[in-house]
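User: I would like to know how the terms used for a structure follow from its values. Please take them one by one.

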Amino acid sequence: MPRPITATLHLGAFENNLQVVRRCAPSAKVWSVVKANAYGHGIKHVWRSMAQTDGFALLDLAEAIMLRESGWQGPILLLEGFFKAQDLALLDRYRLTTSVHSDWQLAAIAEAKLSAPLDVYLKVNSGMNRLGFAPERLHAVWLKAQQISNIASLTLMSHFATADGPQGVEAQMATIKTAAAGITAPRCLANSAATLWHPETHCSWVRPGIVLYGASPSGQSQDIADSGLQPTMTLSSEIIGVQTLKQNDQVGYGWRYRAEGAQRIGVVACGYADGYPRHAQTGTPVWVDGVLTRTLGTVSMDMLAVDLTPCPHADIGAEVELWGRRLPVDDVAAAAGTLGYELLTALAARVPIVTEA
Ligand SMILES: *Cc1c(COP(=O)(O)O)cnc(C)c1O
């Protein structure tokens, strides 16, 4: 038998979550973001469950080609554009839409030998200061791009830094409005947080990622509790060992947990080499044998310890959910000082994936 750890993908949840996005942004088309191998789920397992989308967005050329070769015929957007001029041959061959954020990319497109012109997303830096043309240059860049016969269509793109927090999108929206004055191109601005919480950003296309996987853009599970979003991944395992501690017995590497009295603990077949966060402290929520309990001590590479006090009947073989349908990934992430994004994308290759409807 293999180790009893499994990541179960709930395919129906993808369909549901895409419908939630459609209800939030009824007049926009949807780029479903499947970068980082569909946020750790595996593009090949999940893309068909989102086939009602208008397009898929990602940033790795190999992932784009894999998606194309597995049968997706609709639009694919490269969120970071292309990385070298010679990549344009592949963009041409696989009919990929590209973002363009730097002058060299425009020049490379102008000079390329293509079988058909490309659809281009011109990216403006409206305050994130990651990728994009300076706002005061946008108009000139747009005029120049319009002259390039290798470009079939132009869409304006930008990305929000604080759409999930109190600072919102107002300042960046004002920057975009000024920079894009007089530019008659469709716009694509909204990530998940803006799709859920800032309808004024929706425009022609939205680009949600994390909400399609049923996790919260803010990292707070209560922020999406009433949204209708459903988790798409349940990471589960089993108890493979039980210890009965006496008062002052200590647990795990560094002896980071000390029993205050007699106590049963379970040892779970899941560790940081499976993608469980090593920084999760004693007290991180975990679901064992039907009840919510807590982790104890340091997470090891292949195992972690849980408190069996609330589930005295749990024994070897008892079911454990690390995150998923009964326990939001965001709650585990919060206890480890990170976000659901990081836990989902860090799921290790050694964890077997099973899919269910
Ligand atoms: C990752 C990403 C998204 C999706 O972000 P979420 O917060 O997961 O919705 C959208 N646009 C760009 C450019 C991205 O890099």
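**Ligand and salt bridges**

Analyst: The ligand sits in the largest pocket. The model is predicted: local features need pLDDT of at least 70, side-chain atom pairs count only at pLDDT 80 or more, and totals for chains, interfaces and linings use all residues. Residues are numbered from 1 along each chain as its sequence is written, and side-chain values use heavy atoms, with hydrogens and water left out.

User: What makes the contact between Lys35 and the ligand a polar contact?

Analyst: A polar contact is a pair of N or O atoms within 3.5 Å. An N or O atom in the Lys35 side chain is 2.7 Å from a ligand oxygen, so the pair meets that limit. For Tyr39 the distance to an oxygen atom of the ligand is 2.6 Å. A polar side-chain atom of His159 lies 3.4 Å from a ligand nitrogen.

User: How much of the ligand does the protein bury?

Analyst: The protein buries 93% of the 390 Å² that the ligand exposes when taken alone, with areas from the Shrake-Rupley method and a 1.4 Å probe.

User: Why is the pair Arg3 and Asp274 called a salt bridge?

Analyst: The term needs a side-chain nitrogen of Lys or Arg within 4 Å of a carboxyl oxygen of Asp or Glu. The closest N and O atoms of Arg3 and Asp274 are 2.9 Å apart, so the pair qualifies. Arg3 lies before strand E1 (6-10) and Asp274 in the loop between strands E13 (263-268) and E14 (285-288), so the bridge ties together parts 271 residues apart in sequence. Strands are DSSP runs of at least two residues, numbered from the N terminus.

Technical notes: A polar contact is a pair of N or O atoms within 3.5 Å; within protein, one must be able to donate a hydrogen and the other to accept it, and residues adjacent in sequence count only if both atoms are side-chain atoms. On a 1 Å grid over the protein atoms alone, a cavity is a set of points where a 1.4 Å probe fits but cannot get out, and a pocket is an open set with protein on both sides within 12 Å along at least five of seven lines; lining residues have an atom within 4 Å of a point. A molecule sits in a cavity or pocket if more than half of its atoms lie within 2 Å of its grid points. Helices (H or I, at least four residues) and strands (E, at least two) are DSSP runs, numbered from the N terminus.
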